[in-house]
Amino acid sequence: MNTKEKMAVQPTNEIVAQMLKQRNKGTDDCTTTSEYAAGIGMNALDLNHALIDLGVLKRTGGQLELTLKYQDRGLTKNRSTFRYTRQGQLIEIVYPVWTPQGVEFLHNLLRIKK
């Protein structure tokens, strides 16, 4: 059995797990918005709205990303997850996670605005 045949019979969840491991490499030390928000007594939706209002985040194509002013500062990395649509199609969702520098940035930003 060649590699292509092995891939064809490999369970989907194993393939997805391998893809996630590869795509999310280097984000182990990052914090999700949900984790950070819970730590400061907020929910992720409210925190994202606050960061949009402060000009830190913007929505592009239905996904959140840093505004131009904050890009290339090492504040976030992208993490992926996979979900099935109602039609049964597997899609990838990419979302930002906060690096240790990003978490420090959030602490300073929110301390100033409180």
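1. A word on classes before the pockets: Ala, Val, Leu, Ile, Met, Phe, Trp, Tyr, Cys and Pro count as nonpolar, Asp, Glu, Lys and Arg as charged, and the others, Gly among them, as polar. On that scheme, the lining of the largest pocket splits into six nonpolar, seven polar and one charged residues. Keep in mind that this is a predicted model.

2. Now the pocket itself. The largest one comes out at about 270 Å³. It has 14 lining residues, and those closest to its centre are Asn48, Leu64, Ile93, Tyr95 and Pro96.

3. Which elements each supply at least two residues of that lining? They are the helices α3 (33-39) and α4 (44-53), plus the strands β2 (63-66), β3 (76-84) and β4 (90-98). The top contributor to the largest pocket is β4, with four residues.

4. On to the second largest pocket, with a volume of about 160 Å³. Going along the chain, its lining takes in Thr60, then Gln63, Leu64, Glu65 and Leu66, then Gln71, then Thr76, Lys77 and Asn78, and finally Val94, Tyr95 and Pro96. Here the elements giving two or more residues are β2, β3 and β4.

5. Which element has the largest share of the second lining? That would be β2, with four residues. By class, the second largest pocket is lined by five nonpolar, five polar and two charged residues.

6. One thing to look at on screen: Leu64, Tyr95 and Pro96 are among the residues closest to the centre of the largest pocket, and these three also line the second largest pocket.

Conventions: Residues are numbered from 1 along each chain as its sequence is written. This is a predicted model: local features need pLDDT of at least 70, side-chain atom pairs count only at pLDDT 80 or more; totals for chains, interfaces and linings use all residues. Side-chain values use heavy atoms; hydrogens and water are left out. On a 1 Å grid over the protein atoms alone, a cavity is a set of points where a 1.4 Å probe fits but cannot get out, and a pocket is an open set with protein on both sides within 12 Å along at least five of seven lines; lining residues have an atom within 4 Å of a point. Grid points are joined across faces, edges and corners, and a volume is the space filled by probe spheres set on the points.
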